[in-house]
Amino acid sequence: MTSAHTDPSPVTVRVPAKVNLELLVGPLRDDGFHSLSTVYQAVNLTDDVTVALDDDWSCTVTGPCADVVPTDASNLALRAARLLADESGVDTPVHVSIAKSIPVAGGMAGGSADAAAALVACDRLWGLGLTTEELEEYAAELGSDVPFLVRGGTAVGSGRGERLAPVLARGSYHWVFAISDTGLSTPEVYGECDRLRGSADIPEPTPNSELMSALRTGDPHILAPQLTNDLQEAAISLRPELGEVLRSGMEFGALGGIVSGSGPTVAFLVEDVESAIDLTVALTATGTAREVRKAIGPVHGAHVIPARVD
Ligand code: C5P
């Protein structure tokens with residue numbers, strides 16, 4: 001039996017990972033961030049985040065890499081829930097449970113994705129009725145990539161990555177991700193990028209119009225040569241074996257290969273689902289990656305899914 005006084009049921013939100021089709025890194029700003037021009041695409045490697053009313057704020061994480069995700073107050077999804085509560089005058093704590101499948105510290109914004117999911121889930125649980133734009137504003141306070149994981153699809157990011165503009169992208173793209181054993185720290189990779197650049201004068205980055213045109217064709221052959229990541233050299237400098245993974249993927253028939261964000265995940269664009277299966281099998285056999293997974297993009301951002309019936 002239900003009544004107006006019954007606690008609302010837990011809410012589960014599914015959230016994608018991202019790959020940067022283009023990541024142009026500008027100068028270091030006074031606030032410690034770099035100005036960026038980036039093109040994000042959401043891909044269907046996903047986490048599920050469930051929020052449920054509880055007596056206190058808490059968090060649990062399950063999944064293959066759960067042991068390396070903090071569950072204390074520093075957890076980004078828990079911070080997202082508390083931020084939304086503070087900003088909305090809510091005083092009903094939640095338990096956040098994260099079923100993790102996105103690689104941890106892999107350059108695919110897994111932590112940011114969980115924060116985006118927690119915002120969308122708590123908005124529903126507490127009946128706040130916020131718009132996507134309002135949720136994206138809170139998201140920007142939590143991290144540069146978080147607004148994009150609320151929105152999903154394909155989008156241009158500027159500022160430090162948090163200011164979004166839509167992109168006209170046709171078609172679906174098939175990706176294969178080579179996931180490493182141990183993660184890379186994003187600040188360290190940006191630091192290495194600065195070190196490699198030395199005293200060079202770095203201009204403000206602007207989006208590449210050829211990449212935008214390629215996305216309008218929906219043709220992966222045209223998109224592949226436009227994939228660019230200014231952090232790739234830094235990631236390979238810290239983790240030289242990533243160069244080997246990139247070479248293997250290209251030899252096995254990928255149309256394009258790129259380090260995903262700050263790495264160490266390597267993303268390969270392939271022609272179709274058969275090529276994705278072939279490359280997954282071939283790369284798995286080399287043993288150079290902990291895990292190889294295929295995915296499709298673009299997909300929706302964080303969205304509520306029906307409750308699981310166990
Ligand atoms: O925004 P987020 O918390 O994901 O950023 C993590 C770290 O990555 C920052 O503290 C900063 O060191 C680096 N970063 C940067 N420039 C950006 C985004 C992130 O230097 N535009």
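Residues 211-284 are 55% helix and 15% strand, and the C-alpha atoms at the two ends of this stretch sit 30 Å apart. In UniProt, an unreviewed entry lists these residues, 211-284, as "domain: GHMP kinase C-terminal". Keep in mind as you explore that this is a predicted model. The briefing below starts with the whole chain and then visits its domains, the ligand, a loop and some backbone details.

**The whole chain**

- The secondary structure of the protein chain adds up to 10 helices and 12 strands.
- Along the principal axes, the C-alpha atoms fit a box of roughly 60 × 45 × 35 Å.
- A compact globule of 310 residues would have a radius of gyration near 19 Å, and the protein chain agrees with that because its own value is 19 Å.
- Of the 310 residues, 48% count as buried.
- If you take the contacts with a separation of 6 or more, 76% of them link residues 24 or more positions apart.

**Two domains side by side**

- The domain assignment splits the protein chain into domain 1 (11-167) and domain 2 (173-297).
- Taken over C-alpha atoms, the centres of domain 1 and domain 2 are separated by 22 Å.
- Where the domains meet, 30 residues of domain 1 are in contact with 36 residues of domain 2.
- On the side of domain 1 that touches domain 2, the elements giving two or more residues are strand E1 (11-28), strand E2 and strand E5 (154-158).
- That side of domain 1 is made up of 19 nonpolar residues, 10 polar ones and one charged residue.

**Around the ligand**

- Which residues surround the ligand? They are Gly32, Phe33, His34, Leu36, Gly143, Ser144, Asp145, Arg160, Gly161, Thr186, Pro187 and Tyr190.
- Both domains take part, since domain 1 (11-167) and domain 2 (173-297) each provide at least three residues of this shell.
- Strand E2 (34-53) and helix H5 (186-197) each supply at least two residues of the shell.
- Helix H5 gives the largest share, three residues.
- Sorted by character, the shell holds four nonpolar, six polar and two charged residues.

**The loop between E4 and H2**

- UniProt, in an unreviewed entry, lists a "binding site" made up of Pro103, Val104, Ala105, Gly106, Gly107, Met108, Ala109, Gly110, Gly111, Ser112 and Ala113.
- One of these residues, alanine 105, belongs to the loop between strand E4 (94-99) and helix H2 (110-125).
- Methionine 108 is found in the loop between E4 and H2, and alanine 109 also has its place there.
- Is methionine 108 buried or exposed? Methionine 108 is buried, because 28 other C-beta atoms lie within 10 Å.
- Leaving out residues up to four places away in sequence, methionine 108 touches Ala17, Lys18, Val19, Leu45, Ile102, Pro103, Ser260, Gly261 and Thr265.
- Alanine 109 has 31 C-beta neighbours inside 10 Å, so alanine 109 counts as buried.
- Beyond its neighbours within four places in sequence, alanine 109 is in contact with Ala17, Lys18, Asp145, Leu149 and Gly261.
- Asp145, one of these contacts of alanine 109, is also listed in the shell around the ligand.
- Alanine 105 counts as buried because it has 20 C-beta neighbours inside 10 Å.

**Backbone details to look for**

- Most residues other than glycine have a negative phi, and most peptide bonds are trans, so exceptions deserve a second look.
- Alanine 105 has a positive phi, near 50°, although it is a residue other than glycine.
- Alanine 109 is another residue other than glycine with a positive phi, near 65°.
- The peptide bond from glycine 263 to proline 264 is cis, and its omega is near 5°.
- You can find proline 264 in the loop between strand E9 (256-259) and strand E10 (266-270).
- Glycine 297 and proline 298 are also joined by a cis peptide bond, with omega about 0°.
- Proline 298 lies in the loop that runs between strand E11 (291-297) and strand E12 (303-305).

Terms used. Residues numbered from 1 in each chain as written. Predicted model: local features only at pLDDT ≥ 70, side-chain atom pairs only at ≥ 80, totals over all residues. Near = placed C-beta within 6 Å. Helix = DSSP H or I, 4+ residues; strand = E, 2+ residues; numbered from the N terminus. Nonpolar A, V, L, I, M, F, W, Y, C, P; charged D, E, K, R; others polar. Domains from an automatic or database assignment. Buried ≥ 20, exposed ≤ 12 C-beta atoms within 10 Å, placed from the backbone. UniProt positions renumbered as here; feature names shortened; annotations may be inferred. Rg over C-alpha atoms; globule rule 2.2 N^0.38 Å. Contact = placed C-beta atoms within 7 Å.
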